Structure formats: C-alpha cells, structure tokens
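Dear colleague,

I am handing over to you the structure shown below, together with its sequence. My findings follow it.

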Amino acid sequence: MNFSIEKIDHVQVAAPKGTEQAAIDFYAGILGMDSIEKPVSLKGRGGAWFEFGSYQLHVGVEEPFSPAKKAHPAFRVKGFEQLQRHLTASGIEVKNDDSIPGVTRFFISDPFGNRLEFLDTIL
C-alpha cells in the first residue's frame, strides 16, 4: 500500500438538540477540554467542539438521539486518580473496570448517556 493512517484527528459523540451548554459545562467545565469555535459553515447544525492536546472531540446533534452505550472514545489520562476524585466530587458515577490484566481504567457517562473510557497513563 502507498498510504498509512497517521493519527486520529477527532472523535465525535452525539447529543440531543439544544444541549450545547450542557456539553460545554461537562467537556470544558468538568473535563477541562478547551471549547473551540466550529467553522461558520457548520454552526447551523448545532453541537459543540472541544480540543485537548493535539486532538478534538466533537459533540454533534443527532435527532432522534440515542446515546452510545457500547461504542466510546477512550482517553489516556495524566493524573488518573485525581480525575477520578474530581468526577466523583462533581457527582459523576465512576465505574472502575479491571477486566483487562495490567490496565487501569474506568468508565463514565457524559450528560447525554454516552460512554467514555479513561485509562491511566502508567503502563
């Protein structure tokens, strides 16, 4: 082959129409991602975009909406235990998972019910 996939540019999760502020409150306010402007040509679709490191997470409006209960983005986290405590203090249920030997991870749901996975950077 004469091509190779280099990296993920962004991931997208869905949300119901009119929930942009809840997305900003959660992804920027609680998870600390930077809220970024959507291109003018896409603003009419609703949703919100976020950036962390060199990656983006897009929250797109989907009608009818159905949360992703199995499919999910997974994030490696520096300060893993601090994030767990922060989420718990913010009233978010943290579900630890030890089903993969040697992997420390947990799952949460965003305000729309989408599954999110967080992994410790220590391998």
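In which sense do strand 3 and strand 4 pair, and over how many bridges? They pair in the antiparallel sense, over five bridges. Please bear in mind throughout that this is a predicted model.

**The strands around strand 4**

Strand 3 covers residues 48–52, and strand 4 covers residues 55–61. Across this pair, Trp-49 stands opposite His-58 of strand 4. The two strands form a hairpin with two residues between them, and in this hairpin Gly-53 takes a positive phi near 60°. Strand 4 also pairs with strand 1, here in the parallel sense and over six bridges. Within that pairing, Val-61 of strand 4 is the bridge partner of Ala-15. Strand 4 is mostly covered, as five of its seven residues are buried.

The loop between strand 4 and strand 5 contains Pro-64. The peptide bond that joins Glu-63 to Pro-64 is cis, with an omega of about -5°. For context, most peptide bonds are trans.

**The two helices**

Helix 1 spans residues 20–30, and its buried residues include Ala-23, Phe-26 and Tyr-27. These residues lie on the same side of helix 1, because they cover an arc of only 80° around the axis. In general, residues three or four places apart in an α-helix point the same way, so a spacing of this kind favours one side. The cover over the buried residues of helix 1 includes strand 1, strand 3, strand 4, strand 7 and strand 8. Just after helix 1, Gly-32 takes a positive phi of about 80°.Helix 2, residues 80–89, has Phe-80, Leu-83, Gln-84 and Leu-87 as its buried residues. They are on the same side of helix 2, because the arc they cover around the axis is only 100°. Among the elements that cover them are helix 1, strand 5, strand 6, strand 7 and strand 8. Gly-91, just after helix 2, has a positive phi of about 85°.

**Two buried residues**

Ile-92 is found in the loop between helix 2 and strand 6. Is Ile-92 buried or exposed? Ile-92 counts as buried because its relative accessibility is 14%, and the cut-off for buried is under 20%. Leaving aside neighbours within four places in sequence, Ile-92 is in contact with Phe-26, Ile-30, Leu-87, Ile-108 and Ser-109. Of these contacts, Phe-26 is one of the buried residues of helix 1, and Leu-87 is one of the buried residues of helix 2.

Phe-107 lies in strand 7 and is buried, with a relative accessible area of 7%. Not counting residues up to four places away in sequence, Phe-107 touches His-72, Glu-93, Val-94, Lys-95, Asp-97, Arg-115, Leu-116 and Glu-117. The C-alpha atoms of Phe-107 and Gln-84 are separated by 9.9 Å, with their positions 23 residues apart along the chain.

**Strand 5 and the largest pocket**

Strand 5, residues 74–77, shows alternating side chains. Phe-75 and Val-77 point to one face and are buried, whereas Ala-74 and Arg-76 point to the other face and are not. Strand 5 pairs with strand 8 in the parallel sense over four bridges, and Phe-118 in strand 8 is the bridge partner of Phe-75.

Both of these phenylalanines also line the largest pocket, which holds about 210 Å³ of space. The other residues of the lining are Ile-30, Leu-31, Gly-32, Met-33, Asp-34, Glu-51, Phe-52, Arg-76, Val-77 and Leu-83. Two elements, strand 3 and strand 5, give two or more residues to this lining. The largest share, three residues, comes from strand 5. By class, the lining has eight nonpolar, one polar and three charged residues.

**The start of the chain**

Asn-2 lies in the segment before strand 1. Asn-2 is exposed, with a relative accessible area of 83%. From Asn-2 to Ala-23 the separation is 21 residues in sequence and 39 Å in space, C-alpha to C-alpha. Glu-6 and Ile-92 are 86 residues apart in sequence, and 34 Å apart in space by the same C-alpha to C-alpha distance.

Yours sincerely

Methods
Residues numbered from 1 in each chain as written. Predicted model: local features only at pLDDT ≥ 70, side-chain atom pairs only at ≥ 80, totals over all residues. Heavy atoms only, no water. Buried < 20%, exposed > 50% of the residue type's maximum accessible area, 1.4 Å probe, protein only. Arc of directions from axis to C-beta. Contact = heavy atoms within 4.5 Å. 1 Å grid on protein atoms, 1.4 Å probe; cavity = no way out; pocket = protein on both sides within 12 Å on 5 of 7 lines; lining within 4 Å. Points joined across faces, edges and corners; volume = space filled by probe spheres on them. Nonpolar A, V, L, I, M, F, W, Y, C, P; charged D, E, K, R; others polar. Pairing = 2+ DSSP bridges.
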